[in-house]
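Hi everyone, thanks for coming. I'd like to take a few minutes to walk you through one structure, and please keep it open in front of you as I talk.

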Amino acid sequence: MRRESIEAFEKGNRPDLVAKETAELAILLEYLPEQLTREEIVEAARKVISELGAASPKDKGKVMSQLMPQLRGKAQGQEVSEVVTELLSNI
């Protein structure tokens, strides 16, 4: 949510609020588990897709329901969703 706020404040030309949100985000990130790289997310997603035999974008819900518990706290849901959509679209 902080990242979305920062983006909105940047669009609204509010550098004061961007600085405030950025500082708060930096503090919060110190306490969160280290985030996975995109490559690590892709690897985990490919494994789940293979295990489930997912073959089309219609299978996204099944893949996400298996993948998100594994990645909770380690990756943002939006990024995981983008990776899964991309992988399933290329099958």
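I'll go through two helices, then a pocket, and then a handful of single residues.

One thing to say at the outset is that this is a predicted model.

Let's begin with α4, which covers residues 60-71. This helix has 12 residues, and from its first C-alpha to its last it reaches 16 Å, close to the 16 Å expected at 1.5 Å a residue. Which residues of α4 are buried? They are Val63, Met64, Leu67, Met68 and Leu71. Those residues cover an arc of only 115° around the axis, and that puts them on the same side of α4. If you look at the numbering, the general rule is handy here: an α-helix has 3.6 residues a turn, so residues three or four places apart point the same way. As for partners, the buried residues of α4 pack against α3 and α5.

While we're on this helix, have a look at Gly61, which is also in α4. Gly61 counts as partly exposed, because its relative accessibility is 47%, between the 20% and 50% cut-offs. If you'd like a sense of distance, try Gly61 and Gly12: the two are 49 residues apart in sequence and 35 Å apart in space, C-alpha to C-alpha. And just beyond the helix, α4 is followed by Gly73, where phi is positive, near 85°.

Now on to α5, residues 77-89. With 13 residues, α5 reaches 18 Å from first C-alpha to last, close to the 18 Å expected at 1.5 Å a residue. Its buried residues are Val80, Val83, Val84, Leu87 and Leu88. Looking down the axis of α5, you'd find them within an arc of 125°, so they line one face of the helix. What covers that set of buried residues includes α3 and α4.

Next, the loop between α3 and α4, where I'd like to point out two residues. One is Asp59, which lies in that loop. Is Asp59 buried or exposed? Asp59 counts as buried, because its relative accessibility is 14% and the cut-off for buried is under 20%. Setting aside neighbours within four places in sequence, Asp59 is in contact with Ala54 and Leu88. You'll remember Leu88 from a moment ago, as one of the buried residues of α5.

The other is Ser56, also placed in the loop between α3 and α4. Ser56 is partly exposed, with a relative accessible area of 22%. What is the separation between the C-alpha atoms of Ser56 and Ile91? They are separated by 6.6 Å, with their positions 35 residues apart along the chain.

Let's move to the pocket. The largest pocket holds about 420 Å³ of space. Of the 18 residues that line this pocket, the closest to its centre are Met1, Arg2, Arg3, Leu25 and Gln76. Where does the lining come from? Helices α1 (2-11), α2 (15-31) and α5 (77-89) each supply at least two residues, and α1 gives the most, with 4 residues. By type, the lining divides into 7 nonpolar, 4 polar and 7 charged residues.

That brings us to α2, and to Glu21, which is found in this helix. Glu21 counts as buried, because its relative accessibility is 10%, and buried means under 20%. Apart from neighbours within four places in sequence, Glu21 is in contact with Arg2, Ser5, Ile6 and Phe9. Arg2, you'll recall, is among the residues closest to the centre of the largest pocket.

Right beside it in the sequence is Lys20, which lies in α2 as well. Lys20 counts as partly exposed, at 45% relative accessibility. The C-alpha atoms of Lys20 and Ile6 are separated by 8.9 Å, and the two residues are 14 apart along the chain.

Last stop: Asn13, in the loop between α1 and α2. Asn13 is exposed, with a relative accessible area of 64%. What is worth a look here is the backbone, where phi of Asn13 is near 55°, a positive value in a residue other than glycine.

That's my tour. Thanks for listening, and I'm happy to go back to any part of it.

Key. Residues numbered from 1 in each chain as written. Predicted model: local features only at pLDDT ≥ 70, side-chain atom pairs only at ≥ 80, totals over all residues. Heavy atoms only, no water. Buried < 20%, exposed > 50% of the residue type's maximum accessible area, 1.4 Å probe, protein only. Contact = heavy atoms within 4.5 Å. 1 Å grid on protein atoms, 1.4 Å probe; cavity = no way out; pocket = protein on both sides within 12 Å on 5 of 7 lines; lining within 4 Å. Points joined across faces, edges and corners; volume = space filled by probe spheres on them. Nonpolar A, V, L, I, M, F, W, Y, C, P; charged D, E, K, R; others polar. Expected span 1.5 Å × (residues − 1). Arc of directions from axis to C-beta.
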